[in-house]
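Q: Could you take a close look at one part of this model with me? I would like to start from a single residue and then see what surrounds its part of the fold.

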Amino acid sequence: KSIEPYSLKKHKNSPYFEQCLNYINHNYASQIRVQDIANFVNIDRTYLYKMFKRNIGLSPQVYLLNYRIDRACELLRTTDKSVSEVAYSVGFQDYSNFSRQFKARCLKSPTAYRKNVRGKT
């Protein structure tokens with residue numbers, strides 16, 4: 001199952017939060033870390049964590065990971081990129097970590113996910 005990213009329209013209560021979501025949306029494929037997000041909006045990492053938990057109930061790290069996995073699902077559905085190319089294009093440096101994280105969130109391997117969604121079309 002794909003995890004959809006949070007829409008900016010749903011969370012208008014904090015300009016910092018919007019900036020964080022925009023930053024992730026535009027930079028998830030790079031090697032960004034939670035500290036990079038905090039630095040971008042010029043806030044403390046602890047404040048960033050509390051803001052994410054308050055707004056969506058997730059830590060920024062989990063949100064970033066879910067966002068990357070969601071983008072990977074999209075690429076697996078819509079492109080012929082190899083699974084390792086997909087992993088690198090959504091910000092993972094290590095294919096085995098990508099595969100493990102993907103399986104933990106989608107309950108199947110990236111290859112099985114692609115086969116399943118392509119079999120339905």
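Is Glu85 buried, partly exposed or exposed, and why is it classed that way?

A: Happy to! Keep in mind that this is a predicted model. Glu85 is partly exposed, because its relative accessible area is 43%, and that falls between the 20% limit for buried and the 50% limit for exposed. The residue sits in helix H5, which spans residues 83-89. Its C-alpha lies 9.8 Å from that of Ala72, a residue 13 places away in sequence.

Helix H5 also helps to cover another helix: together with H4 (60-78) and H6 (95-106), H5 is among the elements over the buried residues of H7. Those buried residues of H7 (residues 110-119) are Pro110, Tyr113, Arg114 and Val117. They lie on the same side of H7, because they span an arc of only 95° around the axis. This fits a general pattern: an α-helix has 3.6 residues a turn, so residues three or four places apart point the same way. On the face of H7 turned away from the buried side, you will find the exposed residues Lys115 and Gly119.

Now for the wider setting. The largest nonpolar core holds 35 residues, and Ile24, Leu48, Phe52, Phe98 and Phe102 have the most contacts inside it. H5 and H7 are among the helices that each supply at least two residues of this core, as are H1, H2, H3, H4 and H6. The greatest contribution comes from H4, with 9 residues. Leaving aside residues up to four places away in sequence, Ile24 touches Ile32, Ile37, Phe52, Tyr63, Leu64 and Tyr67.

How values were computed:
Residues are numbered from 1 along each chain as its sequence is written. This is a predicted model: local features need pLDDT of at least 70, side-chain atom pairs count only at pLDDT 80 or more; totals for chains, interfaces and linings use all residues. Side-chain values use heavy atoms; hydrogens and water are left out. Helices (H or I, at least four residues) and strands (E, at least two) are DSSP runs, numbered from the N terminus. Buried means under 20% relative accessible area, exposed over 50%, partly exposed in between (1.4 Å probe, protein chains only). The arc is that of the directions from the helix axis to the C-beta atoms. Contact means heavy atoms within 4.5 Å. A nonpolar core is a set of buried Ala, Val, Leu, Ile, Met, Phe, Trp, Tyr and Cys residues joined through side-chain atoms within 4.5 Å.
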